[in-house]
Amino acid sequence: MLKDLFNILLPHISIAGFIILQLVLSMALSPRFYRYARLVSAIGISLSIILLSTVQTEPQYFAFRDSLMSDSYTLLFDFLILVCGFFTALLSRNHIRTIKANAYTFQAVLLCGIFGAMNIISANDFLTLFVSIEILSFSTYFLIASAKGYYSKEASFKYLLTSAVSTGVFLFGVSYLYGITGSLNLSVIYERIMIQEPSIMYSISAIMIVLGIISKLALFPFANWVIDVYKGAETSVLAFLSTIPKLAIFGIVCRLLVFPLSNSFELTFVLVAASLITAFWANIYAIRENNVKAILACSTAANSSYVMFAASLVSVYNLSTVIFYLLCYVMMNISVFAFLNICSDRHDMNVKSFKGLFYNNHGLVGAYAFSILGLAGIPVTSGFIAKIYLFTAIASSGLIFVPFLLILLILMVVALYYYLKILMPLFEKCDKNVEVTLLKPVFSQKFVLVITAIITLLIGIYPEKIIELCRFIAYNI
Amino acid sequence: MEKLLSLPFLIFMPLVISMFVISPLFTRNEIVVRRFAKSVFGFHFLYSILMLALFDPANPYISQIHFFGLDWVQSMGIKFIFKIDNISMILVMLTSFVFLISSFASKFNIRENHKFYYSMLLLLESAILGIFTAGDMFVFFLFWELELIPAYFLIGGKWKNLENESEAIKAQNSAIKFVLFTFLGSMVMLLGILLLHYYNFISNGILSASFVDINSSQIPANIQNIISVCLLIGFGVKLPIIPLHTWLPDAHTNAPTPVSMILAGILLKTGAYGIFRFNYQTLSDAFITIAPYLAVFALINIIYTAFVAYAQTDIKRIVAYSSISNMGLILLGLCAINQIGLSASVFHMVAHALITCGLFMIAGIVYLRCKTRDINTLSGIATVMPRLFGFATLIVLASIGIPAFAPFVSEILTIIASLNADFSDVLKFAAVFSLPLLIISSCYMLKFLHKSFYGELPQEFEKVNDITVHEFIVLASTLAGLVIFGIFPQVLLSMTLSMG
């Protein structure tokens, strides 16, 4: 038992320890020390990143009666989650200034979310998976509600309700699967399913499980929360919300699709349909939105749907494209939200309120515009390569998917329209008599924005090493 | 001597300099920026002349960029490879020439944001050169997409102090329209490229996207047809082929004059070049099936837009529609699938680029001085601008296909080529019908010349000045090109006739 602990759990334990430390500090320190909360989180996450080197991965390592596992796949996702968590913690400066008294609690909840996400990736058991998903979800409810005003509470409650329903669906599916195979362990289920004839009951349970989980990705049956949540939540929370749950859920969904749920044709069909409907809905809905956050909400839903499409046509090649896309996507998204975090004093977040900002600060707005272009898939960003790589996966899955791919590609044109809607006002010149609210970035925000934009550029220019890494991981799953 | 020449330098020099120009290191002084940009374009033109002089058709320039000793994206078989063969060489020369004269034309049309303007112009040149020289499908696609950013800013940007706000909004809307149309086309094209990439892998066994490998692969006929149609939609937006053309008149009319010259002179040719590189060369089996249908579209292009052009009153719109008409002629030449047709369409690309540059320049000069481009308001300006009138007459005559000018040669050759196309009667039909309809082009062109230059001179135009040195250089160089290629067509034809 102790050996297991040291072999794979040290990063998790470090995060858990810092959660407790943050909670203790929240009681021990007076609110005027609020500004160290960020530092404590950053130290905790950095320590956890360092401790990732102690994790046993070759070839696969199972621990605690096979309920947790680690391999290079979990390692990569843990690393990405921790990096995103680190950036989010840095970005939370403005937010904890407004909630001084609860700064340490906020950081504790943030670390809780990261802890849950890391556990989701490592789960090899539906029970562990369920508990980890709940840890992640509950921390996101609190994070969303932590913003001031009525709207954030409403958004949080809406998300809570949707998640509750989807969790019910998930548990229902798990119970069916338990009935068919007699186990909750993913490896055991995979072995037993392989020797059975595929039955309709199995397909139904697989569909329910996956649909239950992907509600966190704002995919079709449970997508209605996304716009309210994005409008209501604080920007640093959005940087968390649009990256970490996405990485965790895609990480586990891909593993489920490759192993225990791989035997169901109906599941593929349902997922393709769900992702197409989401892509259609999200892209069309965003056309008439004028709120940057709402547009980005639609954009996350749309991007999830592209990834889900590729992931649902299970193959090792597709898996590598999915990992690569996620990697590029989270970097661009953090960069975008880092910029919105700098502008978070513009409360209405209307696209018009960003008018003429380019002439205020060339570098930062340029980096932001670059990341938005990356989301739209324009070269020389990593988004361009990621999109091509992802679509090669779909194109090589068979001629039958070509019409769907065409639909996705045409929807990308719609997407370009709303990205341009965000971008255009930045470069418009204001009249002299209109007062422009100047940007007041602090070092941490500038750091996150510039670092992520540079990563986006570097991957866009020379993607080969990263793609190789993704392929290596996909082939080792 | 040959060792001095470098393909990556030719392509990436404008890109690097554009980054330098936009950076805070570079001066804000507009005269310095303008002269620097002009000299860069001039140097680039000289460099491409040198490349042309040392060009050996049997031994095209090929250059591959390695990243740490590897291909660009090895996992997808993408190599960062560039290749200049005969047709690329001609188009590279043309690009660098048009950019040079449009930088001359920029002097009076661009009044604000000089740094940004010239850096975007340089970036656009790099992107277009990349399209013309790419030796790999994905590299081609990369530059095809990259060109959107500078083109958007050049069309929609605010380059001078406009009197009314509505003009700026119009320019921006047409820039968005241009970007969305092109992006739609390129997304459909991407589907074609992805399928081509995958089926090349299936049939050839090599994971590669370079044109050399794809030319040798045996893709099943029905798949080839699907891919061809996808690619044609992509190129058809740029070319433009008729139902996809609606972005063009707006973009060309609302862009500043030098940008219109680039759009009509070079940007449209990327579509024709794409059809040549992908459909004509790579998917040649499917192209024989598709060519007759495409010839019908080409005929519609020629007829329909010629009539539309006749109905226009704005000079720039007349020129824009005449461009579509001429692009139909280029498409018809490609559809003939023989050597004469190919050389005719390449020849017409050059001739048409020269003509539209001249005509847009004339429109710009008139607009700058008279503040209107409406041919019903203009009248009698020949008396105050005699030199402009001389140039306008000659260029208009050239555009309607008078002998001794370049378009005459290419129009005749196109007709001959499509009459010689023996695989389908549709081509002969198209040739027969496009010939009399070329007369309409003389109708609208002469109408423009007649209405704006002849007649009584109204009082408000009496104090108008004639052309300046810069404008003289632009018009004289286009006219010189038209005459040289009209009298010695063999200069160009010898390069293209050897291509298959």
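**View 1. A lysine sits over a phenylalanine ring in this predicted model.** The charged end of B:Lys38 lies over the ring of B:Phe104, 5.2 Å from the ring centre. Chain B holds a second case, with B:Lys447 over B:Tyr310. Here the charged end is 4.5 Å from the centre of the ring.

**View 2. An aromatic pair crosses between the chains.** Across all chains, the whole structure contains 64 aromatic pairs. In one of them, the ring centres of A:Phe427 and B:Phe153 are 5.3 Å apart. Their planes stand at 70°, so the pair is edge-to-face. A:Phe427 belongs to helix 19 (residues 402–427) of chain A, and B:Phe153 to helix 6 (residues 148–156) of chain B. B:Phe153 has 14% relative accessibility and counts as buried. Both rings belong to a cluster linked by ring pairs. Its members from chain A are A:Phe358, A:Tyr359 and A:Phe427. From chain B come B:Phe116, B:Tyr117, B:Tyr118, B:Tyr152, B:Phe153 and B:Trp159.

**View 3. Two phenylalanines pair between a helix and a strand of chain B.** The rings of B:Phe12 and B:Phe82 meet edge-to-face. Their centres are 5.9 Å apart, with 75° between the planes. B:Phe12 is in helix 1 (residues 7–22), while B:Phe82 is in strand 2 (residues 80–84), so the pair ties together parts 70 residues apart in sequence. Is B:Phe82 buried or exposed? B:Phe82 is buried, at a relative accessible area of 0%. B:Phe12 is partly exposed, at 21% relative accessibility.

**View 4. A buried serine makes a polar contact with a tyrosine.** B:Ser88 is part of helix 3 (residues 86–109) of chain B. Its relative accessible area is 0%. The side chains of B:Ser88 and B:Tyr273 are joined by a polar contact of 3.2 Å. Leaving out residues up to four places away in sequence, B:Ser88 touches B:Lys83, B:Phe132, B:Tyr273 and B:Arg277.

**View 5. Two peptide bonds are cis, one in each chain shown here.** Most peptide bonds are trans. In chain A, the bond from A:Pro379 to A:Val380 is cis, with omega near -5°. A:Val380 is in the loop between helix 17 (362–376) and helix 18 (382–395) of chain A. In chain B, B:Leu239 and B:Pro240 are joined by a cis bond with omega about -10°. The loop between helix 9 (221–238) and helix 10 (247–254) of chain B holds B:Pro240.

**View 6. Two loop residues have a positive phi without being glycine.** Most residues other than glycine have a negative phi. Phi of A:Phe64 is about 55°. This residue sits in the loop between strand 1 (61–63) and strand 2 (68–70) of chain A. A:Phe64 is partly exposed, with a relative accessible area of 21%. For B:Lys371, phi is near 60°. B:Lys371 lies in the loop between helix 14 (339–370) and helix 15 (386–399) of chain B. B:Lys371 is exposed, at 57% relative accessible area.

**View 7. Chain B gives the setting for many of these details.** This chain has 19 helices and two strands. Buried residues make up 65% of its 500 residues. The radius of gyration of chain B is 22 Å, which agrees with the value near 23 Å for a compact globule of 500 residues. Its C-alpha atoms fill a box of roughly 75 × 60 × 45 Å along the principal axes.

Technical notes. Residues numbered from 1 in each chain as written. Chains lettered and ligands numbered in written order. Predicted model: local features only at pLDDT ≥ 70, side-chain atom pairs only at ≥ 80, totals over all residues. Heavy atoms only, no water. Helix = DSSP H or I, 4+ residues; strand = E, 2+ residues; numbered from the N terminus. Buried < 20%, exposed > 50% of the residue type's maximum accessible area, 1.4 Å probe, protein only. Polar contact = N/O pair within 3.5 Å; in protein donor to acceptor, adjacent residues only side chain to side chain. Contact = heavy atoms within 4.5 Å. Phe/Tyr/Trp six-rings, centres within 6.5 Å; stacked < 30°, edge-to-face > 60°. Lys NZ or Arg CZ within 6 Å of the ring centre and 35° of its normal. Rg over C-alpha atoms; globule rule 2.2 N^0.38 Å.
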